[in-house]
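Work through the exercises below with the sequence and the structure at hand. Try each task before reading its solution.

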Amino acid sequence: MSPEVRTFSPDQLSEYIDGDAEKYLKAGVKSTSTADYKLNNQIQVVVDVYTMSSPAAAKTIFDSEPAMDAQTPTLGDAARLYTQSLIFRKGPYLVRMVAYQEAPQLPLALLDLGHAFESKFSR
Amino acid sequence: MTNMPEKTRRDFLKECAIGALAAGAAPLAFARDVNPTSANQPKSKVVIARDAALFGSGANPEAARVEKLLDRAMQAYADSSDPVAPWKKLFKPNEVVGLKVNTIAGPGLSTHVVLVEAICERLQQAGIKPANIVVWDRTNGELDRAGYTLSSDPNRVRFVGTDSQDIGYDGTLLSYGVVKTRLSNVLARTCDAMINVPILKHHSGAGVTLALKNMYGVNNNPDKLHANNCCPAIADINMLPPIRNKFRLIVADAMTGCFEGGPMFKPQYAWRYNGILVATDPVAIDQTAWDIIERKRAERGLKTLQQAGTPPKYIAVAANSEHRLGTDDPSRIALQEV
């Protein structure tokens with residue numbers, strides 16, 4: 001079954017991400033879509049896709065977040081993978097995936113999902 | 001205290017304050033009624049209770065440990081040996097009591113359901129009927145996503161969003177400073193008293209979000225209040241009479257906090273603080289939260305919030321002579337860790 005997709009225009013974005021919206025608006029966000037997925041029918045993952053006005057705008061957001069102890073897999077134009085989340089950018093798209101619990105194979109599953117999204121952006 | 005229901009709220013608060021002062025502690029009365037920056041006033045008390053084993057080996061805090069932690073925090077705050085007594089001091093049995101939670105960040109970083117259940121349990125033991133307890137936030141969708149089971153059954157504890165069809169926002173436009181807004185009917189009409197149950201978070205605009213910023217979930221236009229690091233808007237909205245008069249207690253969920261990337265949940269910036277903070281002074285507890293977040297940021301090698309360009313400057317504004325919502329002066333805050 002396809003997940004329910006919620007989409008927010010720039011003037012609605014704060015309804016979804018509260019004060020975080022400011023930096024996206026400043027960088028130039030055109031729309032935001034979000035949906036819940038279940039990985040391996042078990043782990044809830046929220047996927048946010050921010051469509052920015054340009055690749056540079058996506059890079060602005062990506063670079064604004066401290067990398068901390070991220071892995072940097074080959075995905076999109078740049079990516080950071082953590083134990084429970086993945087963020088990557090591809091052209092004007094910025095994708096954030098967040099899981100609500102840890103699991104041994106979760107980073108690999110997130111990466112697979114990331115590649116699935118990347119392939120859609122490349123079409 | 002046996003004839004409390006017949007007393008006015010003013011009398012009740014006065015009695016609490018006198019009793020606490022006599023015991024040498026800060027008053028349980030709502031601190032916004034006093035000026036804790038004044039040297040002749042008692043200090044604002046903030047209690048931090050922590051339990052390193054709160055989560056056990058699981059992903060969620062254990063209910064029994066949360067209940068004990070809440071009792072430890074409240075009893076330390078009220079200097080009481082009885083876990084129910086602090087609640088009896090603050091709330092009368094005939095009052096409708098609201099719990100304003102914070103659920104915008106989803107299940108990873110919202111007020112934990114187990115904490116809310118523990119508070120509801122103690123309120124009922126203090127004589128508040130289940131039907132007179134309302135757990136609420138902006139929207140049903142956010143509550144649902146954070147793990148709350150929605151219910152508007154008038155015979156049980158209610159769990160409702162302001163966007164419920166039968167709730168909505170009050171028609172009266174209230175204003176103070178830069179804020180012009182309408183408040184949720186849960187606050188404006190339904191409830192007599194409120195407990196603020198926020199969560200310890202970094203905020204990319206305001207710097208820190210805990211008690212004062214949680215009021216952005218009680219009004220109809222929070223999106224209009226984020227300019228200039230949410231300052232002075234956060235202080236201004238807390239000046240609105242229903243907020244000043246009805247919020248009597250803050251029980252902050254600091255079991256999981258975030259030190260960067262807030263207010264939304266980004267797991268790489270979240271950590272288990274394993275704590276509950278209790279206060280009645282929203283400025284003092286926010287100042288304490290700021291210190292906690294700064295310590296964690298330093299530990300992880302991040303810039304201070306000042307260096308990052310997002311100092312929570314609204315805290316000092318909330319404490320200034322115009323707002324007098326509490327104290328941000330560490331020498332006027334009686335911090336007790338238990």
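**Exercise 1. Loops, cis bonds and positive phi**

Task: Locate Pro232(B) and state which peptide bond that leads to Pro232(B) is to be described.

Solution. Step 1: Pro232(B) sits in the loop between α7 (227-230) and α8 (233-237) of chain B; helices (H or I, at least four residues) and strands (E, at least two) are DSSP runs, numbered from the N terminus. Step 2: The bond from Cys231(B) to Pro232(B) is cis, and its omega is near 10°. Step 3: A cis peptide bond also joins Gly262(B) and Pro263(B), with omega about 15°. Pro263(B) lies in the loop between β10 (247-258) and β11 of chain B.

The model is predicted: local features need pLDDT of at least 70, side-chain atom pairs count only at pLDDT 80 or more, and totals for chains, interfaces and linings use all residues. Residues are numbered from 1 along each chain as its sequence is written, while chains are lettered from A and ligands numbered from 1 in the order in which they are written.

Task: Is Asn228(B) buried or partly exposed, and is Asn229(B) buried or exposed?

Solution. Step 1: Take the definition: a residue is buried if 20 or more other C-beta atoms lie within 10 Å of its own, exposed if 12 or fewer, and partly exposed in between, with C-beta atoms placed from the backbone. Step 2: Asn228(B) has 13 C-beta neighbours inside 10 Å, so Asn228(B) counts as partly exposed. Step 3: Asn229(B) has 22 other C-beta atoms within 10 Å and is therefore buried. Step 4: Asn228(B) is in helix α7 of chain B, and helix α7 of chain B is also the place of Asn229(B). Step 5: Asn228(B) is not a glycine, yet its phi is positive, about 55°. Asn229(B), likewise a residue other than glycine, has a positive phi near 55°.

**Exercise 2. A strand and its partners**

Task: Which strands are joined to β1(B) by bridges?

Solution. Step 1: Two strands pair if DSSP finds at least two bridges between them. Step 2: β1(B) and strand β12 (residues 333-337) of chain B run parallel and are joined by 5 bridges. Here Val46(B) stands opposite Leu335(B). Step 3: β1(B) and strand β11 (residues 270-279) of chain B run antiparallel, again with 5 bridges. Here Ile48(B) stands opposite Leu277(B). Step 4: In strand β1 (residues 44-50) of chain B, 6 of the 7 residues are buried, so the strand is largely enclosed by the rest of the structure.

Task: Describe the surroundings of Tyr273(B).

Solution. Step 1: Tyr273(B) belongs to strand β11 of chain B. Step 2: Tyr273(B) is buried, because 21 other C-beta atoms lie within 10 Å. Step 3: Two residues are in contact if their C-beta atoms, placed from the backbone, lie within 7 Å. Leaving aside neighbours within four places in sequence, Tyr273(B) is in contact with Leu200(B), Ala254(B), Met255(B), Gly257(B) and Ile292(B).

**Exercise 3. Two packed helices**

Task: At what angle do the axes of helix α2 and helix α4 of chain B cross?

Solution. Step 1: Axes are lines fitted to C-alpha atoms, for helices over the stretch in contact, and angles run from 0 to 180 degrees between N-to-C directions. Step 2: The axes of α2 (residues 63-78) and α4 (residues 113-125) of chain B come within 9 Å and cross at roughly 55°. Step 3: That makes α2(B) oblique to α4(B); angles under 35 degrees count as roughly parallel, over 145 as roughly antiparallel, 65 to 115 as roughly perpendicular and the rest as oblique. Step 4: From α2(B), the contact uses Ala63(B), Val66(B), Glu67(B) and Leu70(B), and from α4(B) Val114(B), Leu115(B), Ala118(B) and Ile119(B). Step 5: By class, this contact has 7 nonpolar, no polar and 1 charged residues. Ala, Val, Leu, Ile, Met, Phe, Trp, Tyr, Cys and Pro count as nonpolar, Asp, Glu, Lys and Arg as charged, and the others, Gly among them, as polar.

**Exercise 4. Where the chains meet**

Task: How many residues of chain A are in contact with chain B?

Solution. Step 1: 17 residues of chain A are in contact with 23 residues of chain B. Step 2: On the side of chain A, the elements that give two or more residues are α1 (13-17) and α2 (21-27) of chain A. Step 3: The residues of that side divide into 7 nonpolar, 5 polar and 5 charged.
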